[in-house]
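This report describes a ligand site and the sheets of one protein chain. Please look at the sequence and the model before reading on.

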Amino acid sequence: MTAIDAIKGTRDILPEEVGYWQWIESVAREILNRAAYQEIRTPIFEQTDLFARGIGEATDVVGKEMYTFIDKGDRSVTLRPEGTAGVVRAYIENGLHVKGSLQRLWYVGPMFRYENVQAGRQRQFHQLGCEVLGSADPRADVEVIALAIDILTTLGLKDLRLDLNSVGTPDDRQQYREALVNYLTPYKEDLDPDSKIRLTRNPMRILDSKNPETRKIVQDAPKIWDHLAPESRKRFEQVQQQLTDLGIGFTLNPCLVRGLDYYTHTAFEIVAETGLGAQNAVGGGGRYDGLVTELGGPETPAVGWAMGLERLLLLLQQLASAPAIDLDFYVVSRGGKAEPQALQLAQKLRKQGFAVDLDLTASAFGKQFKRADRSGAAACLILGDDEAVNGTVQLKWLGSGEQESMPQANLLEKAAVLRDRIQNLNSKR
Ligand code: HAM
């Protein structure tokens with residue numbers, strides 16, 4: 001029988017990689033919890049209308065990339081292509097605005113987009129995101145950006161660039177769109193095919209075209225900053241000032257227009273300058289003051305971001321090996337009496353909180369010792385039939401090779417001393 005492969009654009013997260021995932025999640029959870037963000041888990045599929053209305057019909061995500069199907073009840077449902085629309089739906093449906101004027105939320109989970117698959121771009125990918133609902137204060141924009149940077153720097157990532165722009169209010173954009181279309185129309189025939197279509201459908205997206213010819217044309221295009229109303233400009237300046245006050249560097253990028261239609265005012269992306277190739281946006285986000293009303297809720301200003309975990313992983317893999325659980329003991333045993341005792345000892349130690357790997361192969365001691373050396377454990381526990389008869393065990397510290405024999409009961413009584421020694425060894429690794 002032929003084997004069945006995973007669907008193109010999806011991949012398994014194997015045990016050798018899972019340490020990175022857990023590490024990213026634990027760093028993010030700690031940083032976000034410390035800033036009073038609460039986790040929210042929303043369904044991975046929703047009514048198609050939620051995304052069509054929320055993200056915008058003219059976007060690539062809605063127009064080309066959604067996994068949409070009709071279910072057995074004749075409903076059009078869509079696998080979520082991003083997290084924000086679902087969070088906003090949950091916010092409205094569960095009356096979270098009544099429970100507290102401000103909601104600071106975060107989430108992690110799989111998202112689905114039917115995109116061309118390449119390094120850092122999959123059809124099922126994972127996002128970590130946060131959303132602040134209920135504040136128009138520019139400090140909320142700066143807070144979410146600062147937390148994203150905290151997470152990335154705590155993970156040890158370097159060579160990241162924060163690109164910042166303001167896309168203004170819908171009124172600002174209306175004015176700007178006109179100026180942009182006026183500028184671009186004479187160049188229409190020189191634009192790449194996608195941009196030609198965008199000229200009528202979504203002209204601002206032409207600004208982030210990757211086509212070299214189009215980029216040249218766009219270089220001298222009018223800038224949105226010159227079309228921001230005084231209030232919008234002031235807000236943009238406040239965000240910049242507060243980022244500077246926090247020591248967060250940024251690059252102003254007037255061509256940064258995000259691929260989703262709900263943004264107002266602040267838009268940003270965090271880009272890896274090396275290590276990711278073409279798909280170099282580690283994360284992105286911004287303010288979306290109109291989305292809650294667009295989806296039927298009360299007027300609620302909001303801001304947030306999402307990061308792509310697969311992209312973070314690609315960067316982390318270039319930096320460090322996957323963090324593994326520090327193993328305390330590797331137990332080797334051989335012989336009819338010793339082997340069951342080894343299992344009992346392992347279980348007792350695990351109950352005391354030690355991380356213990358029990359070699360189950362019953363192979364020659366030499367082979368088991370080799371595996372013990374490779375296991376990364378602090379110490380090896382050795383049980384042969386002599387030890388089993390005497391109720392003793394050999395304790396060998398794998399770093400120094402120091403070895404002693406002791407009654408098994410002593411080992412358990414000395415748990416606190418052993419734990420101190422292991423912690424001490426681990427801290428020096
Ligand atoms: P986004 O820029 O579409 O924003 O996605 C955020 C991040 O998800 C990207 O920067 C990228 O790292 C990752 N990503 C997107 N598509 C893929 C893919 N096909 N494969 C792998 N990674 C991918 C949003 O989704 C907004 N909801 C962010 C947001 C939250 N804005 C406000 N709040």
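Which of the 27 residues around the ligand come nearest? They are Glu82, Glu115, Gln122, Glu131 and Tyr263. The model is a predicted one, and all values below were computed from it.

**Ligand site**

Oxygen atoms of the ligand form polar contacts with Arg113, Arg258 and Ala281. For Arg113 and Arg258 the protein atom belongs to the side chain, whereas Ala281 takes part through a polar backbone atom. The distances are listed here.

| Residue | Protein atom | Distance to a ligand oxygen atom |
|---|---|---|
| Arg113 | side-chain N or O | 2.9 Å |
| Arg258 | side-chain polar atom | 2.8 Å |
| Ala281 | backbone polar atom | 2.9 Å |

Taken alone, the ligand exposes 660 Å², and the protein buries 95% of that area. Three elements give two or more residues each to the shell around the ligand: strand 6 (124-133), strand 10 (281-287) and strand 11 (302-308). Strand 10 supplies the largest share, with six residues. Sorted by class, the shell holds ten nonpolar, ten polar and seven charged residues.

**Domains**

The domain assignment of the protein chain gives domain 1 in two segments, 15-169 and 229-319, and domain 2 as residues 329-424. Taken over C-alpha atoms, the centres of domain 1 and domain 2 are separated by 47 Å.

**Two open sheets**

Strands of a sheet pair through backbone hydrogen bonds, in either the parallel or the antiparallel sense. One open sheet here has three strands in the order 2-4-3, and its pairing is antiparallel. Its edge strands, each pairing on one side only, are strand 2 (45-47) and strand 3 (67-70). From one strand to the next, the twist averages 30°. Strand 2 and strand 4 (residues 76-79) run antiparallel and are joined by three bridges. Phe45 has Leu79 of strand 4 as its bridge partner.

Another open sheet consists of five strands in the order 13-12-14-15-16, with mixed pairing. Strand 13 (356-358) and strand 16 (403-407) are the edge strands, and each of them pairs on one side only. Neighbouring strands in this sheet are turned against each other by 25° on average, with direction ignored. How many bridges link strand 12 (residues 329-333) and strand 13? Three bridges do, and the two strands pair in the parallel sense. The bridge partner of Tyr330 in strand 13 is Asp357.

Note on methods:
Residues are numbered from 1 along each chain as its sequence is written. This is a predicted model: local features need pLDDT of at least 70, side-chain atom pairs count only at pLDDT 80 or more; totals for chains, interfaces and linings use all residues. Side-chain values use heavy atoms; hydrogens and water are left out. A residue is near a molecule or strand if one of its heavy atoms lies within 4 Å of it. A polar contact is a pair of N or O atoms within 3.5 Å; within protein, one must be able to donate a hydrogen and the other to accept it, and residues adjacent in sequence count only if both atoms are side-chain atoms. Accessible areas come from the Shrake-Rupley method with a 1.4 Å probe; for residues, only the protein chains shown count as cover. Helices (H or I, at least four residues) and strands (E, at least two) are DSSP runs, numbered from the N terminus. Ala, Val, Leu, Ile, Met, Phe, Trp, Tyr, Cys and Pro count as nonpolar, Asp, Glu, Lys and Arg as charged, and the others, Gly among them, as polar. Domain bounds come from an automatic or database domain assignment. Two strands pair if DSSP finds at least two bridges between them. Axes are lines fitted to C-alpha atoms, for helices over the stretch in contact, and angles run from 0 to 180 degrees between N-to-C directions.
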